[in-house]
Amino acid sequence: MPIELPRQQRTGQPKPTWLKVRAPGSPEFLETKDVVKSLKLHTVCEEARCPNIGECWSHRTATFMIMGDLCTRRCHFCSVKKGDSETLSPLDPFEPDRVGIAVRDLGLKHVVITSVDRDDVADNGALHFAKTVRAIHTHSPQCKIELLIPDLRGEQRDLRTILDSRVDVLNHNIETVPRLYKKVRPYAGYIRSLSILSMAKEIDPNVLTKSGIMVGLGETHEEVLRVMDDMRYHGIDIMTIGQYLRPSEKQLPVRAYVTPEEFKSYEVEGIKRGFKFIESGPLVRSSYHAWKHTVEQPV
Ligand code: SF4
């Protein structure tokens, strides 16, 4: 029987109240800002103007973005600046250690490390990820480490390099339903992204695998449920679902504001399908509540 849902709120109206958050400003927030600045690091929290920054940083969770701030892909939902052979810089050999120091100085208990896509680097940045993980192990042995990686162009050898460094959670986002890939992620592949996650489980059965999608890009409820089935088929443990918000006029417009009730129904469906954790809500981002997934009991 089809599930009756409240209608999605159409765009062209003021942003719904459920997407509003209070401005951050706690002592932890200011401390994190200082450390990030003094060590010349990038965080997605700041660069993407993430609405959850106050909450995450006060829970001592942050997402660092390594390998520069220029990306070699052209995804149509993302505002990270695009790089090419003229503008991309070589990887900074001291960056892994600086990330390790930042994690130690901030006393982070769970850190998420992500990167821009570096298709120009022979190993897709795998060794740089691994060095960063090892630096965090050295400076903060108790800190849980989650990596949000690019698709590595499907290279199993690079995935192995990363997993050999011992991570707690391996995250790679599917981002959207397969029908919308051409429009949203034209240089990526739905099957390739799912395969990276199933390969990770084969290489290291102890690693928690995680993936997420944005909704509000024109997908249907049934398509989201099919993505959940595909994720479970590929052994994915944790899923995130959040509202797509257009970073600027240059990116795809928001097609719908999904209601909190519909997000809740996705959560219920995810639990039924056996995810260990599912975070589904308007403000959920890939790394939102990331600390819960390694310290609490599954839902
Ligand atoms: S949800 Fe992720 S990107 Fe946003 S503030 Fe939290 S850790 Fe940073």
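What follows is a chat about why certain labels apply to this predicted model.

Me: Before we start, how do you know which residues count and how they are numbered?
Reply: Residues are numbered from 1 along each chain as its sequence is written. The model is predicted, so local features need pLDDT of at least 70 and side-chain atom pairs count only at pLDDT 80 or more, while totals for chains, interfaces and linings use all residues.

Me: Okay, why are H1 and H4 called roughly antiparallel?
Reply: Helix H1 (residues 27–38) packs on helix H4 (residues 95–106) at about 160°, and their axes are 10 Å apart. Angles run from 0 to 180 degrees between N-to-C directions, with axes fitted to C-alpha atoms over the stretch in contact. Under 35 degrees counts as roughly parallel, over 145 as roughly antiparallel, 65 to 115 as roughly perpendicular, and the rest as oblique. So H1 and H4 come out roughly antiparallel.

Me: What makes up the contact of H1 with H4?
Reply: On the H1 side there are Thr32, Val35 and Val36, and they meet Ala102, Asp105 and Leu106 in H4. Contact here says that the C-beta atoms, placed from the backbone, lie within 7 Å. By class you get 4 nonpolar, 1 polar and 1 charged residues. For those classes, Ala, Val, Leu, Ile, Met, Phe, Trp, Tyr, Cys and Pro are nonpolar, Asp, Glu, Lys and Arg are charged, and the others, Gly among them, are polar.

Me: And why is H6 called oblique to H8?
Reply: The axes of H6 and helix H8 (residues 190–203) come within 10 Å and cross at roughly 55°. That angle fits none of the named ranges, so H6 is oblique to H8. The contact of H6 with H8 divides into 6 nonpolar, 1 polar and 1 charged. In H6, Gln156, Leu159, Arg160 and Leu163 meet Ile196, Met199, Ala200 and Ile203 in H8.

Me: How do you know that isoleucine 278 is buried?
Reply: A residue is buried if 20 or more other C-beta atoms lie within 10 Å of its own, exposed if 12 or fewer, and partly exposed in between. Isoleucine 278 has 24 C-beta neighbours inside 10 Å, so buried it is. This residue lies in strand S12 (residues 277–280). Its C-alpha atom is separated by 9.6 Å from that of lysine 210, 68 residues apart along the chain.

Me: What makes valine 177 buried, given that it lies in a loop?
Reply: Valine 177 lies between strand S8 (169–171) and helix H7 (181–184). It has 22 C-beta neighbours inside 10 Å, so it counts as buried. Leaving aside neighbours within four places in sequence, valine 177 is in contact with Glu219, Glu223, Val224 and Val227.

Me: Why does asparagine 124 count as buried?
Reply: There are 27 other C-beta atoms within 10 Å, so asparagine 124 is buried. It is found in the loop between strand S6 (110–115) and H5, and has a positive phi of about 60° although it is not a glycine.

Me: Same question for leucine 152: what makes it buried?
Reply: With 23 other C-beta atoms within 10 Å, leucine 152 is buried. Leucine 152 has a positive phi of about 55°, again without being a glycine, and is found in the loop between strand S7 (144–148) and helix H6 (156–163).

Terms used: Helices (H or I, at least four residues) and strands (E, at least two) are DSSP runs, numbered from the N terminus. Two residues are in contact if their C-beta atoms, placed from the backbone, lie within 7 Å.
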